[in-house]
Amino acid sequence: MSERKTLRVTMELLSDTIFGSGFSIPGGEDIAVCIDGQGYPYLKGSTFKGLLRESLENWMDWTDGSLETVNTLLGAEKWNGRTDGRRVQVTALTLADKPADPAECFALRTFTSLEDGIVKEDTLRTASCVCAGQVFSGELTCDAGDVALMKNVLMAIKWAGTMRSRGFGAVKVTVSDEKKAAGCRQGREEGGCVRYRLHTEAPVFVTNLSRSRSNSYETRGYIPGSAVRGMVMSELAARMPEWFQAHRAALLSDQTRFLDAVPVVGDLAPLPSIKGFYEDKEETHFESVLIKENGKVSAGYKRAKLGTFCALEEDTVRYWSAETDGVTRIQRNVNDENKNTEPFQNRYLSAGQDFEGCILADDPAVMEKLTTALTDTVWLGADRYEGFGKCTVTWPEAVQQPTWLDEYGCQESEENVLYLLAISPVTMLNSCGEPCGIDTQRLAELLGVETVTITVCSTSLAEFGGYNRAWESRIPAVQMYDQGSVFRIECSTSPSLDAVRKVELQGLGIRRAEGFGQVLFLSKSRFEALQHKAAWQKEEQRTASTVGDLRRARYRWVMQESERIRRARREDNLSDSQLGTIQALCEKAIANDGDYDELNQHLKHNCKERGPRHGKRFEEIQTLINKVLETPLAETLGVPCAKERDSTEERLRLLCLLFDYSRKKADEKEASGQ
């Protein structure tokens, strides 16, 4: 395996620069720049790679080099995804020294088009640009033999961003050698499990095809075991090819099981959010249908909001989700007229998060080598050569079993009633080889009991496919019970703890080598004690957002929620005059220093006191108004917000802005005849 080197890249802005994001801000600038979750600008890794390709092509032309070198280092069309030792990997360029207020990074510029020396009608545009003098830094990793070439090519980059012909985007790039990262802590304890944590240094693409559309690609809220498996296999095959070939069967079979790496917070042991919990509309009463005798949901209850992962703390379910973000991209190919150049959106796992995963192995010789592939820096997911997928392994260690099994599993022989939780998607095969969910007859054999009966369950289904790089074809999608699905099962007799533990460590069903089929028998006493839920909150909240960040977030939220208002007008027959009265009461409450008692009385009168048919018109709008008024602005908008910027008056103004926008869009549709 050839040696890889990492270079530290620094880009200083010599003039104002526009790192275009591909979209505009309603009510704000027509050309927006890329900003991170804290409101600071950055240069996308894919854009950085584009600048590098442009500079490398010029360098090859100047030095009479081969353009084939460009494709070797930066990739070409129809790449099959295999790891290539000479391929260059880059990260996004982020601010090296961030000011306290992100607004200091930006300036607004206004442009028009001229026609015969006169301003052309409808051409006024506003662009947000990153102010000159700021310094951005990132990394480039390449083969050791290409370091000198990469340094020359990087320092040849003189312009970045859009509108270069108008004086924007002059930059100065410098390069230095990156110090080698410290090695990871290696575990010494003997065990059949390698536990590790990944810290996302860059965003990670793990596309969820079942939820994606033609121009929008969703992400999973975790790093699948199949992605970790592919990375580890590539590393082992490159570093020790003879050993890999000798142990290939054990590595690629169910004898070695790569579990999903899931988001962790603090020291909590993560579980997928358990299904089967329901709550009333006010989210004040919380219950599980699995512990009720009849297994039925109470009248008026809905499935509880529990994020995607959770931890069990005494009588409370503490829940959270991975942080995700998105980017607008476009596939360009000027040589192919039939190529689709429409913009599309990618969702990804945000940088700066920790994910914990486990690898289970039956062969001690395999266990011994697995941690060698989990050292320092690894690259995961899609677009690993486009500025995505860089992760740091913070600590791999050998343990006896996964953390959640110690924390939440059965620790002693219990009754014959068990609660089976799907830690990862699971399905078993029946005698005909067809997916059948849970095969109770086979499960009874594994538990060493005569019969197993599923008395109550709460589940969801999803399809899971894949892609085989060796065969260059997709793996047929299989429908499985999704993670978090839970079953109450009754055994004819109480199974032994050893039998329960063996099922938990070996898993159930198909594709266990990729992390599927992992299950946990929950401690009955801990599960039945759960009566409350609470969202996990970071100990240190991020600093206050700027006015500009809040303004952008307000308009994004308004556009997202406007469909809700239009649906209420269309389906609930909420008239313009009724909506106008509600908005007038909101504006009156603003004038009265946030006292919205009259608004509450109006909604209560229409929802409760004028009959169910009339009240149904106001249900949707009342739910929305109550949620906005009772939720912190930062949570509603999804951006940090200082306490002094969050008030009842601000929340009422947000509602008025939504009503105005919804009415405007409705008028536009009527005018166009839609």
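The legends below describe close-up views of a predicted model.

**View 1. The largest cavity of the predicted model has a volume of about 170 Å³.**
The structure holds three cavities of 30 Å³ or more. The largest cavity is lined by 15 residues, and those closest to its centre are Asp260, Val262, Glu356, Trp404 and Ile423. Two elements give two or more residues to this lining: strand S15 (271-272) and strand S23 (354-361). S23 supplies the largest share, three residues. By type, the lining of the largest cavity consists of nine nonpolar, four polar and two charged residues.

**View 2. The second largest cavity encloses about 80 Å³ of space.**
Its lining is made up of Tyr42, Lys44, Gly45, Ala92, Pro203, Val327, Tyr348, Glu386, Gly387 and Phe388. Six of these residues are nonpolar, two are polar and two are charged. Lys44 and Glu386, both in this lining, appear again in the next two views.

**View 3. Lys44 is buried yet has no salt bridge.**
Lys44 sits in the loop between strand S2 (42-43) and helix H1 (45-62). The nearest side chain of opposite charge belongs to Glu386, 10.0 Å away. A salt bridge needs a side-chain nitrogen within 4 Å of a carboxyl oxygen. Leaving aside neighbours within four places in sequence, Lys44 is in contact with Gly20, Cys34, Ala92, Val327 and Thr328. Of these contacts, Ala92 and Val327 also appear among the residues that line the second largest cavity.

**View 4. Glu386 and Lys49 form a salt bridge, with 2.9 Å from N to O.**
Glu386 lies in the loop between strand S24 (377-379) and strand S25 (390-393), and Lys49 lies in helix H1, so the pair ties together parts that are 337 residues apart in sequence. Glu386 is partly exposed, because its relative accessible area is 22%. Lys49 has a relative accessibility of 6% and therefore counts as buried.

**View 5. Glu54 and Arg164 form a salt bridge, with 3.6 Å from N to O.**
This pair links distant parts of the chain, 110 residues apart: Glu54 is in helix H1, and Arg164 is in the loop between helix H3 (147-155) and strand S10 (171-177). Glu54 is partly exposed, with a relative accessible area of 37%. Arg164 is also partly exposed, at 29%.

**View 6. Glu139 and Lys390 form a salt bridge, with 1.8 Å from N to O.**
Glu139 belongs to strand S9 (residues 135-143) and Lys390 to strand S25, and the pair links these distant parts of the chain, 251 residues apart. Glu139 has a relative accessibility of 11%, so this residue counts as buried. Lys390 counts as buried too, at 8% relative accessibility.

**View 7. Glu279, Glu283, Lys302, Lys305 and Lys533 are linked in a network of salt bridges.**
Across the whole structure, a search finds 26 salt bridges. The pairs in the three preceding views are salt bridges as well: Glu386 with Lys49, Glu54 with Arg164, and Glu139 with Lys390.

**View 8. Phe111 is a buried residue of the predicted model.**
Phe111 is part of strand S5 (residues 106-111). The relative accessible area of Phe111 is 11%, so this residue is classed as buried. Phe111 and Arg125 are 14 residues apart along the chain, and their C-alpha atoms are separated by 5.2 Å.

Key. Residues numbered from 1 in each chain as written. Predicted model: local features only at pLDDT ≥ 70, side-chain atom pairs only at ≥ 80, totals over all residues. Heavy atoms only, no water. 1 Å grid on protein atoms, 1.4 Å probe; cavity = no way out; pocket = protein on both sides within 12 Å on 5 of 7 lines; lining within 4 Å. Points joined across faces, edges and corners; volume = space filled by probe spheres on them. Helix = DSSP H or I, 4+ residues; strand = E, 2+ residues; numbered from the N terminus. Nonpolar A, V, L, I, M, F, W, Y, C, P; charged D, E, K, R; others polar. Buried < 20%, exposed > 50% of the residue type's maximum accessible area, 1.4 Å probe, protein only. Lys, Arg positive; Asp, Glu negative; His and termini not counted. Contact = heavy atoms within 4.5 Å.
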